[in-house]
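Work through the exercises below with the sequence and the model side by side, trying each task before reading its solution.

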Amino acid sequence: MIDLHLHTVHSDGTDSVKELLTNAENKKLEIISITDHNSVGAYYELEENPELRNIFSGKILVGSEIKTTYNKINIEILAYGIDFKKINIVKENQEQVQKEAMEHFKAEGKKLGLKFDETIKAVPGDPSKQFAGDVFSEEILKYDENKEIIRKIGLFYDRNSIGKEKNGGPFYRVHESNPNSPFYFDTSKYYRNVNDLINDIHEAGGLAFLAHGFEYMFKDKEKTIEEILSTTKIDGAECEYPSFTNEQRQYLKMLCKEYNKFMSGGSDYHAMNKPNISMGTGIDNNLHIDKCIIDNWINISGLKIL
């Protein structure tokens, strides 16, 4: 069993690298990838502390989950097998970006008549509070007075409800990265476009995969996912993911076969920041990724594996 989508404290997970590797070893995973958002910090930590690598007996595919945009919608690309010292990861001023985002959310919240504490702010370095969208969304969910307004603009839930709610989705998907929402926050000025990012991943010796395609607020999800796979130089797609239905998984696998793309899969584990998602097994054991899904690409010459 493998898991190629894991987060540590180097982005918004709550596990240290040591804790994550211990967990992966206890789960008896064969191959993992630490894919922190816009970061390869975990790999520098492993280089600086080689004893950490001995905790996990399986293979570690070097990776990162990197932000970009496609048709004004914020998406992520999973970079696998990259040389972490060569990948060009744009390091925005995270504190400033989240400050601007919070100002935008508060301004739109006032227009809508939402009740919230105007002193709330994102807290750099705190995995549970570093993103303005998480802080703001959890704040406005506290008040019964906001329920009807939220219902009208689009239902969403906080991270503690992942896997338990049938309606809506996380604030980041339903509103923050959705151009049709009043809370849409355009991040295109902070990140490279998808084609430039894919080129950078290739130049760093890696492969580029579309992360969790059905999570994005595309108007026509199936059509747009196919568009990305067929018109860009992307190498593959994440086909196994906790929130996907069986139909969605099969559709992605069908597209990968049709367009000669590789497949991957992962839990998107964040430890306590997504408490309902378990490493390797997803939500209520709905995930079991056999390593055969990556047999046709994991051994490509040059991919960085520790």
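**Exercise 1: a tryptophan and its core**

Find the residues that tryptophan 297 touches, leaving out residues up to four places away in sequence. Solution: with contact taken as heavy atoms within 4.5 Å, tryptophan 297 touches Leu4, Leu61, Tyr80, Leu207, Phe209, Phe262, Met263, Ser264 and Leu303. This is a predicted model, in which local features need pLDDT of at least 70 and side-chain atom pairs count only at pLDDT 80 or more, while totals for chains, interfaces and linings use all residues. Residues are numbered from 1 along each chain as its sequence is written, and side-chain values use heavy atoms, with hydrogens and water left out.

Next, place Trp297 in the largest nonpolar core (a set of buried Ala, Val, Leu, Ile, Met, Phe, Trp, Tyr and Cys residues joined through side-chain atoms within 4.5 Å; buried means under 20% relative accessible area, with a 1.4 Å probe and protein chains only). That core has 69 residues, and Trp297 is among those with the most contacts inside it, together with Ile32, Ile75, Ile77 and Leu210.

**Exercise 2: an aromatic pair**

Which parts does the pair of phenylalanine 214 and tyrosine 251 tie together? Solution: their rings form an edge-to-face pair (centres within 6.5 Å, planes over 60 degrees apart), at 6.2 Å centre to centre and 65° between the planes. Phenylalanine 214 lies in the loop between β8 (207–210) and α8 (221–231) and tyrosine 251 in helix α9 (residues 246–258; a DSSP run of H or I, at least four residues, numbered from the N terminus), so the pair links parts 37 residues apart in sequence. Both phenylalanine 214 and tyrosine 251 are buried.

Notes
Buried means under 20% relative accessible area, exposed over 50%, partly exposed in between (1.4 Å probe, protein chains only). Rings of Phe, Tyr and Trp (its six-membered ring) pair if their centres lie within 6.5 Å; planes under 30 degrees apart count as stacked, over 60 as edge-to-face and the rest as tilted. Helices (H or I, at least four residues) and strands (E, at least two) are DSSP runs, numbered from the N terminus.
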